[in-house]
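User: I want to test the labels used for a model against their cut-offs. Please take them one at a time.

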Amino acid sequence: MSTIIIYASSNGNTKAVAEYIASKTGGKAVDVAAAASEDLNSYDTIVIGGRVWAGKLPKDLVEFVGKNKSVIDSKKSAFYVCCMYNEEKGQKQCDKLASEMGIAKHTFFNKGKKLVQNDTSSIDAFIASL
Ligand SMILES: Cc1cc2nc3c(=O)[nH]c(=O)nc-3n(C[C@H](O)[C@H](O)[C@H](O)COP(=O)(O)O)c2cc1C
C-alpha cells in the first residue's frame, strides 16, 4: 500500500501532520506546489490536507483537487484540515470544506505541530481509518 499526502500549509501545522502521516504509513508528503509532477495513479491512497483561513482552503489546493478529481475518486481518499475551531464549530467547518472538495472521509486537527509533538492519538485514529 502506498500513500501520498498532498498538503497546503502556511505556518507549518498542516505540513507537520502530513509529514507525520507519511512517517507512519511509509508514504510521501508533498506540498501542493510540487504535486503536479507526481503520478497519482501510482498510489493506493491519496490524502489531501489544507489549512483554513477565513473559512477557506488555499486556492491552489482546491484547484489541484478539481483537476485531479477522477483519479482521486478512483483511489482510497481522505481529507483533513488544520484549523483553530474545535468541537461542533470545527466539525461543521470541516464538513463544509470536505463536501466542497467532494471527499467523504474527513477530519480536522487543532494545533497540528503540538499534536505531532505531544499527542498523536487523533492523527493515529485518522491514519487507522485510511
Ligand atoms: C489569517 C488567518 C485566518 C484564519 N482563519 C481561520 C478560520 O476561518 N477557521 C479556523 O478554524 N481557523 C482559522 N485560522 C487558524 C488556522 O487555520 C490554524 O492556525 C492552522 O493550524 C494553520 O495551519 P498551517 O500552520 O498549516 O498554516 C486562521 C489563521 C490565520 C492566520
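User: What makes the pair formed by Ser-9 and the ligand a polar contact?

Analyst: A polar side-chain atom of Ser-9 lies 2.6 Å from a ligand oxygen atom. A polar contact is a pair of N or O atoms within 3.5 Å, so this pair qualifies. Note that this is a predicted model: local features need pLDDT of at least 70, side-chain atom pairs count only at pLDDT 80 or more, and totals for chains, interfaces and linings use all residues. Residues are numbered from 1 along each chain as its sequence is written, and side-chain values use heavy atoms, without hydrogens and water.

User: Which backbone atoms lie 3.0 Å from a ligand oxygen atom?

Analyst: A polar backbone atom of Met-84 does. A backbone N or O atom of Tyr-85 does too. The protein covers 78% of the 640 Å² of accessible area that the ligand has on its own (Shrake-Rupley method, 1.4 Å probe).

User: How are the residues of the shell around the ligand classed?

Analyst: Seven are nonpolar, eight polar and one charged. Asp, Glu, Lys and Arg count as charged; Gly counts as polar. Helix H1 (13–25) and strand E4 (76–83) each supply at least two shell residues (DSSP runs, at least four residues for a helix and at least two for a strand).

User: Why is Val-32 called buried?

Analyst: Its relative accessibility is 8%. Buried means under 20% relative accessible area, exposed over 50%, partly exposed in between (1.4 Å probe, protein chains only). Therefore Val-32 counts as buried. Val-32 sits in the loop between strand E2 (28–31) and strand E3 (45–51).

Conventions
A polar contact is a pair of N or O atoms within 3.5 Å; within protein, one must be able to donate a hydrogen and the other to accept it, and residues adjacent in sequence count only if both atoms are side-chain atoms.
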